[in-house]
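Thanks, everyone. I'll keep this brief. Please have a look at the structure before I start.

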Amino acid sequence: MDRKEKNKLKKYLLLQRDLGFEEFYLPESSRPAGKITVKRLGIDRFSEAESLFQLETTIKRCKRCPLGKTRTKFVFGVGNPDADIVFIGEAPGRDEDLQGIPFVGRAGKLLDKMLAEIGLNRNDVYIANILKCRPPENRDPESEEVDECLPYLIKQIKLIKPKVICSLGRVAAQRILQTTMSLGAMRGRWFDYHGIKFMVTYHPAAILRTNSYMAGALQDLRRLAKTVNSMENGSK
Ligand code: URA
């Protein structure tokens, strides 16, 4: 097995482990000689973090993708570490990159207003992105960047154990659910993400561009709030 193949295998194992799979089947042809252990493959230890703080400390100097070189600040996530609801956006923009906090620019201000509509503020929920670093010129995330970064988000979700996850926009939902479904096809239904209810609504930046999406987004958030309120307490 050459270095490139080994790296590919390492990435695959990382993702699978962070998705919760602990045993892997590898065909004979792709097994490195000798015993395979996570340690031997040089896998980072972030997955062993026991708190969001520990996780952030472990990963905040990440250079796993080129965005590690161009970012100003690493944008880990913000909010209640014990939140029932986790909102997931796409990637930090200029303001988020400067401040190191997700959704603090125009889209973030709108998100705050939308939360207020359902009686919440950003300290009640947790907010993160599928990428922790800003793509230059706010371009779409590259799939290699998401492959490197998504395990961090998955680990955050495992630590928070929310009742509901709400994807802000199509991109985050497609990457987390590993689907190519359109936003229209995903909106208005519940998905199951490893036992956690998962829904999708419009990205606040899309609402800023197309005002008429607001009514639908608020309808989605009201449904979300109703579902969370109707779920039994104490099951976290
Ligand atoms: N858009 C996002 O998807 N995330 C942010 O943090 C800011 C804008």
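I'll go through the sheet, its middle, the helices, the ligand site and a few loop residues.

Ground rules. This is a predicted model: local features need pLDDT of at least 70, side-chain atom pairs count only at pLDDT 80 or more, and totals for chains, interfaces and linings use all residues. Residues are numbered from 1 along each chain as its sequence is written, and side-chain values use heavy atoms, with hydrogens and water left out.

Sheet first. Helices (H or I, at least four residues) and strands (E, at least two) are DSSP runs, numbered from the N terminus. Two strands pair if DSSP finds at least two bridges between them. What is the order of the six strands in the open sheet? The order is 1-3-2-4-6-5, and the pairing is mixed. At the edges sit strand 1 (78–79) and strand 5 (191–193), each paired on one side only.

Now the middle. Strand 2 pairs with strand 4 in the parallel sense, over four bridges. In that pair, I85 stands opposite V164. Strand 2 also runs parallel to strand 3, joined by four bridges. There, G89 faces N129. Keep that last pair in mind for the ligand. Moving outward, strand 4 (residues 164–168) and strand 6 (residues 196–201) are parallel too, over five bridges. V164 is opposite K197 in that pairing.

How covered is strand 2? Buried means under 20% relative accessible area, exposed over 50%, partly exposed in between (1.4 Å probe, protein chains only). Five of the five residues of strand 2 are buried. In a regular strand the side chains alternate between the two faces of the sheet. For strand 2, I85, F87 and G89 are on one side, V86 and I88 are on the other, and all are buried.

Next, two helices. Contact here means heavy atoms within 4.5 Å. Axes are lines fitted to C-alpha atoms, for helices over the stretch in contact, and angles run from 0 to 180 degrees between N-to-C directions. Helix 7 (residues 170–177) lies across strands 2, 4, 5 and 6, at about 150° to strand 6. Helix 10 (residues 213–230) packs on the sheet and touches strands 2, 4 and 6. Its direction makes about 165° with that of strand 6.

On to the ligand. Which residues surround it? They are G89, E90, A91, E96, P102, F103, N129 and H203, each with a heavy atom within 4 Å of it. Now the polar contacts: pairs of N or O atoms within 3.5 Å. Within protein, one must be able to donate a hydrogen and the other to accept it, and residues adjacent in sequence count only if both atoms are side-chain atoms. A polar backbone atom of E90 is 2.8 Å from a ligand oxygen. A polar backbone atom of A91 is 3.1 Å from a ligand nitrogen. From the side chain of N129, a polar atom lies 2.8 Å from a ligand nitrogen. The protein covers 91% of the 240 Å² of accessible area that the ligand has on its own. Areas come from the Shrake-Rupley method with a 1.4 Å probe; for residues, only the protein chains shown count as cover.

F103 deserves a stop. Most residues other than glycine have a negative phi. F103 has a positive one, about 50°. It lies in the loop between helix 4 (94–99) and helix 5, and is buried, at 5% relative accessible area.

F103 leads to R122. R122 lies in the loop between helix 5 (106–117) and strand 3 (126–129). Why does R122 count as buried? Because its relative accessibility is 18%. A polar atom of its side chain lies 2.3 Å from the backbone oxygen of F103. The side chains of R122 and D112 share a polar contact of 3.1 Å. Beyond four places in sequence, R122 also contacts others, including V78, P102, L115 and I127.

Last, the loop between strand 3 and helix 6 (143–160), which holds P141. P141 counts as buried, at 17% relative accessibility. Leaving out residues up to four places away in sequence, P141 touches E90, L131 and V146. N138 is in that loop as well. Its phi is positive, near 60°, and it is not a glycine. N138 is partly exposed, at 45%.
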